[in-house]
Amino acid sequence: MNSESPVEWRVSQGLTEYPDALATMESCVADIIAGGPELIWLVEHPPLYTAGTSARPDDLLDGNRFPVFTAGRGGEYTYHGPGQRVCYAMIDLDRRGRDIRRYVRDLEEWIIATLKHFDVTGERRSGRVGIWVDRSTDGDTIVREDKIAAIGVRVRRWVSFHGISINLEPSLNHYEGIVPCGISEFGVTSLEDLGVSASMADLDNALRSSFETVFRRETAIRSEGS
């Protein structure tokens, strides 16, 4: 991590309206481009759907259920709402090696490491964005996997924004108004659905600890290789 420009952490209480989040991210990105500190911003949103740059109209199954916003990030449709921790990561990739693929892998690793705090095994899946949990049991003849975390990134002048979301205890039936991330073959889960009893503060603490571990390690690896 860059000691001259430490990452700032901000936690918003209550529910943050999505247009306000977009405006705040735009302002933060401009500040980082001008040399300001990176920011991890933790929020919850009221129930809503967002459409990424690859969203397909047919994947919006019920456009009247909740407000729908164009996000500008990569990816397709996703749901945000109470009980889900959204982590907006405004990170200066110019300071971190200008490697977007590695950055996305780091976001995945951040989620996986966070879930380990709750004894949940999160996994990557080829061709499927996000982090998944194997729900198969002995004797299953089909693959049963549910998505527990989403990733969507946008980059401007090597500054990333948007980020990740992890389901703590959202109403999972709210996903029924969309095809989440364009994937209909698999479901959606949460820590609560998996039997984990944790508060949002517990999740936030795990996120911060895991971020420090993953991104400090990446900085060390790049320094050794330079």
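**Exercises: aromatic rings in a predicted model**

Ring pairs link W9, Y103, W110, F211 and F215 into a cluster. The model is predicted. Searching the whole structure gives 13 aromatic pairs.

**Exercise 1.** Classify the ring pair W41 and Y88, and say which parts of the chain the pair ties together.

*Solution.*
Step 1. The ring centres of W41 and Y88 are 5.8 Å apart. Rings pair if their centres lie within 6.5 Å.
Step 2. The planes of W41 and Y88 stand at 45 degrees, so the pair is tilted.
Step 3. W41 lies in strand β2 (residues 39–43), and Y88 lies in strand β6 (residues 84–92). The pair therefore ties together parts that are 47 residues apart in sequence.
Step 4. Now check accessibility. W41 has 4% relative accessibility, and Y88 has 3%. Buried means under 20%, so W41 counts as buried and Y88 is buried.

**Exercise 2.** Do the same for W110 and F215, two members of the cluster.

*Solution.*
Step 1. The centres of the W110 and F215 rings are 6.4 Å apart.
Step 2. Their planes make 85 degrees, so the pair is edge-to-face. The cut-off for this class is over 60 degrees.
Step 3. W110 sits in helix α2 (residues 100–116) and F215 in helix α3 (residues 200–225), so the pair ties together parts 105 residues apart in sequence.
Step 4. W110 is buried, at 0% relative accessible area. F215 is buried as well, at 2%.

**Exercise 3.** Over which ring faces does R128 lie?

*Solution.*
Step 1. R128 lies over the face of W132, 4.5 Å from the ring centre.
Step 2. R128 also lies over the face of F186, at 4.0 Å from that ring centre.

Key. Residues numbered from 1 in each chain as written. Predicted model: local features only at pLDDT ≥ 70, side-chain atom pairs only at ≥ 80, totals over all residues. Heavy atoms only, no water. Phe/Tyr/Trp six-rings, centres within 6.5 Å; stacked < 30°, edge-to-face > 60°. Helix = DSSP H or I, 4+ residues; strand = E, 2+ residues; numbered from the N terminus. Buried < 20%, exposed > 50% of the residue type's maximum accessible area, 1.4 Å probe, protein only. Lys NZ or Arg CZ within 6 Å of the ring centre and 35° of its normal.
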